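Subject: Structure handover

Hello,

Here is the structure I promised to pass on. Please open it next to this email, and then read my notes below.

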Amino acid sequence: MRKQTIHYTSPLDALIAVAKRLSLYETQQNMDSEEFFTQYTQGLLSDEAHFIEWANDYRHYLALRQELEQRLKHVA
């Protein structure tokens with residue numbers, strides 16, 4: 001699989017794009033991302049490429065969400 005780098009104009013744009021990818025994984029696997037990530041980090045799921053990508057996207061989602069929450073705290 002070829003690695004692709006995408007540049008976003010803002011963390012919000014990145015968050016939206018990652019959330020859309022997470023939604024696709026959730027539909028395909030019939031499992032929400034939080035439950036998937038719990039099982040994956042506990043070693044209950046295999047290290048297939050699509051699971052690794054899903055886990056990485058979920059980590060990215062969490063980091064982006066945290067970044068945006070911190071920015072909003074400083075604005076309020």
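Is glutamate 67 buried, partly exposed or exposed? Glutamate 67 is partly exposed, because its relative accessible area is 31%, and the partly exposed class runs between 20% and 50%. Keep in mind that this is a predicted model.

**Overall layout**

Start with the fold. The protein has three helices and zero strands. Along the sequence, the pattern reads α-α-α. Helix 1 covers residues 11–29, and helix 3 covers residues 49–75. Helix 2 spans 33–41. The C-alpha atoms fill a box of roughly 40 × 25 × 20 Å along the principal axes.

Now the contacts. Take those in the protein with a separation of 6 or more. Of these, 53% are between residues 24 or more positions apart.

**Surface and charge**

The accessible surface comes to about 5,800 Å². Carbon and sulfur atoms account for 52% of that surface. The protein has 76 residues, and 28% of them count as buried.

There are 8 positive and 11 negative side chains. The centres of the two sets lie 9 Å apart.

**Salt bridges**

Side chains of opposite charge can pair when their charged atoms come close. How many salt bridges does a search of the whole structure find? The search finds three.

Look at aspartate 57 and arginine 21 to begin with. Their side chains meet in a salt bridge, at 3.1 Å from N to O. This pair links distant parts of the chain. Aspartate 57 sits in helix 3 and arginine 21 in helix 1, 36 residues apart. Aspartate 57 counts as buried, because its relative accessibility is 11%, and buried means under 20%. Arginine 21 is partly exposed, with a relative accessible area of 26%.

Next, find glutamate 69 and arginine 65. They form a salt bridge too, and their closest N and O atoms are 3.7 Å apart. Both belong to helix 3. They are four residues apart there, so about one helical turn separates them. Glutamate 69 is partly exposed at 40% relative accessibility. Arginine 65 is also partly exposed, at 38%.

Then go back to glutamate 67. Its salt-bridge partner is arginine 71, with the closest N and O atoms 3.0 Å apart. Both residues lie in helix 3, four residues apart, which is about one turn of the helix. Arginine 71 counts as partly exposed, with 45% relative accessibility.

**The nonpolar core**

Which residues touch the most other members of the largest nonpolar core? They are Leu22, Phe36, Tyr40, Phe51, Trp54 and Tyr61. The core has 16 residues. Helix 1, helix 2 and helix 3 each give two or more residues to this core. Helix 3 gives the most, with seven.

Click on phenylalanine 36 as an example. Leaving out residues up to four places away in sequence, phenylalanine 36 touches Met31, Leu45, Phe51, Trp54 and Ala55. Two of the names in that list, Phe51 and Trp54, also appear among the core residues that touch the most other members.

**Where to look again**

Go through the three salt bridges once more in the viewer. Compare the pair that links helix 1 and helix 3 with the glutamate 67 and arginine 71 pair inside helix 3. Then turn to the core and pick out the seven residues that helix 3 gives to it.

Best wishes

How values were computed: Residues are numbered from 1 along each chain as its sequence is written. This is a predicted model: local features need pLDDT of at least 70, side-chain atom pairs count only at pLDDT 80 or more; totals for chains, interfaces and linings use all residues. Side-chain values use heavy atoms; hydrogens and water are left out. A salt bridge is a side-chain nitrogen of Lys or Arg within 4 Å of a carboxyl oxygen of Asp or Glu. Buried means under 20% relative accessible area, exposed over 50%, partly exposed in between (1.4 Å probe, protein chains only). Contact means heavy atoms within 4.5 Å. Accessible areas come from the Shrake-Rupley method with a 1.4 Å probe; for residues, only the protein chains shown count as cover. Lys and Arg count as positive and Asp and Glu as negative; His and the chain ends are not counted. The place of a charge is taken as NZ of Lys, CZ of Arg, CG of Asp or CD of Glu. A nonpolar core is a set of buried Ala, Val, Leu, Ile, Met, Phe, Trp, Tyr and Cys residues joined through side-chain atoms within 4.5 Å.
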